[in-house]
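Q: I would like a close look at the charged side chains of this protein and at how they pair. Could you walk me through one part with care?

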Amino acid sequence: MTLLQVDGLTRRFGALEALADVSIAVNEGEVFGLIGPNGSGKTTFFNVVTGIYPPSLGRISLGGLDIGGMPPHRVSKHGLARTFQNLRLVPQMNVFDNIWLAQHQRPGMSLLDILAIGGRRERSRRHEVDTLLEKCGLADMRQSLASDLPLPDQRRLEIARAMARNPRLLLLDEPAGGMTPLETQDVARMIREVAAPGRTLIVIEHKMDLISDICDRAAVLHFGAKIAEGTPAEVLSDPQVLDVYLGKQADHA
Ligand SMILES: Nc1ncnc2c1ncn2[C@@H]1O[C@H](COP(=O)(O)OP(=O)(O)O)[C@@H](O)[C@H]1O
Ligand SMILES: [Mg+2]
């Protein structure tokens with residue numbers, strides 16, 4: 001069953017078409033990769049789907065509901081969460097509180113849940129945060145300030161924050177950005193084993209091995225247009241993709 005259906009999505013910034021007539025359907029439970037050179041429209045795709053920018057043209061539906069042009073807080077209520085290429089942690093808060101805060105933005109969370117301090121509800125929510133920290137390999141640093149963490153842990157924390165909102169669709173923008181190959185393998189394992197089970201994911205990534213490792217299918221953007229779609233093996237052996245993508249990769253190596 002399709003969870004996210006995007007049809008003919010176009011987003012213009014002045015004369016620039018950052019997204020040009022893009023159609024993508026992501027199935028429930030799937031890990032879908034979005035790849036392409038720098039400036040090809042990947043982050044813009046996330047920005048338009050999450051409501052930061054309305055589409056210039058086209059339709060976006062989440063589980064059959066038309067979310068095109070909805071503001072971000074409403075889109076998020078319908079079960080969509082994302083991470084940012086430039087992290088959006090609360091730097092002066094510790095790891096636990098960063099997740100605790102994000103949990104408040106979960107759809108269906110009532111004022112009573114938020115205000116029920118010291119009660120059973122609070123204990124069960126604290127337990128949930130601890131479980132998530134454990135699963136994400138962040139338990140040992142629960143008291144550390146977010147700003148004191150090394151980059152790979154900050155990225156893991158950002159993913160954990162998005163997961164605390166229990167989204168149906170999770171969008172990850174370059175989760176392994178700036179990481180070494182070993183750190184990339186680590187985050188790949190976290191995405192595969194912790195973020196993906198029972199959830200639908202779209203992952204933006206430059207690193208081809210990460211795409212091959214975690215994605216069921218992938219699409220390639222080039223100057224805002226979709227030029228290929230298929231399994232990672234199909235996409236990565238497509239002559240046009242090799243030409244366009246690998247030719248460009250030197251630009252941001
Ligand atoms: N808010 C904006 N205003 C003007 N141009 C933008 C804006 N956001 C993105 N762009 C442009 O759209 C193109 C796609 O950008 P982006 O989606 O960030 O690419 P990617 O994430 O694939 O590197 C780029 O040329 C970028 O400069
Ligand atoms: Mg980007």
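Which residues are linked with Glu229 in a network of salt bridges?

A: Happy to take you through it. Please keep in mind that this is a predicted model. The network of salt bridges links Glu30, Arg217, Lys226 and Glu229. Let us start with one pair inside this network. The side chains of glutamate 229 and arginine 217 form a salt bridge, with 2.9 Å between the closest N and O atoms. This pair links distant parts of the chain, 12 residues apart: arginine 217 belongs to strand S9 (residues 217-222), and glutamate 229 to strand S10 (residues 225-230). Glutamate 229 has a relative accessibility of 30%, so it counts as partly exposed. As background, side chains of opposite charge can pair when their charged atoms come close.

To set the network in context, the structure holds 11 salt bridges. Another one to look at joins arginine 156 and aspartate 186, with an N to O distance of 3.0 Å. Here too the pair links distant parts of the chain, since arginine 156 sits in helix H6 and aspartate 186 in helix H7, 30 residues apart. The two partners differ in their cover: arginine 156 has a relative accessible area of 11%, which is under the 20% limit and therefore makes it buried. Aspartate 186, at 30%, is partly exposed.

Aspartate 186 also forms a salt bridge with arginine 189, and the closest N and O atoms of that pair are 3.2 Å apart. This time both residues lie in helix H7, 3 residues apart, or about one turn of the helix. Arginine 189 is partly exposed, with a relative accessible area of 39%. Aspartate 186 thus has a partner in helix H6 as well as one in helix H7.

It helps to see how those two helices are placed. The axes of H6 (residues 151-164) and H7 (residues 181-195) come within 11 Å and cross at roughly 15°. An angle under 35 degrees counts as roughly parallel, so H6 is roughly parallel to H7. Their crossing is right-handed.

One more spot, if you are exploring the chain around the network, is serine 212 in helix H8 (residues 208-214). Serine 212 is partly exposed, at 41% relative accessible area. Its C-alpha atom is 5.3 Å from that of proline 232, although the two residues are 20 apart along the chain.

Notes: Residues numbered from 1 in each chain as written. Chains lettered and ligands numbered in written order. Predicted model: local features only at pLDDT ≥ 70, side-chain atom pairs only at ≥ 80, totals over all residues. Heavy atoms only, no water. Axes fitted to C-alpha atoms, helices over the stretch in contact; angles between N-to-C directions. Helix = DSSP H or I, 4+ residues; strand = E, 2+ residues; numbered from the N terminus. Parallel < 35°, antiparallel > 145°, perpendicular 65-115°, else oblique. Left-handed = near helix turned anticlockwise from the far one by under 90°. Buried < 20%, exposed > 50% of the residue type's maximum accessible area, 1.4 Å probe, protein only. Salt bridge = Lys/Arg side-chain N within 4 Å of Asp/Glu carboxyl O.
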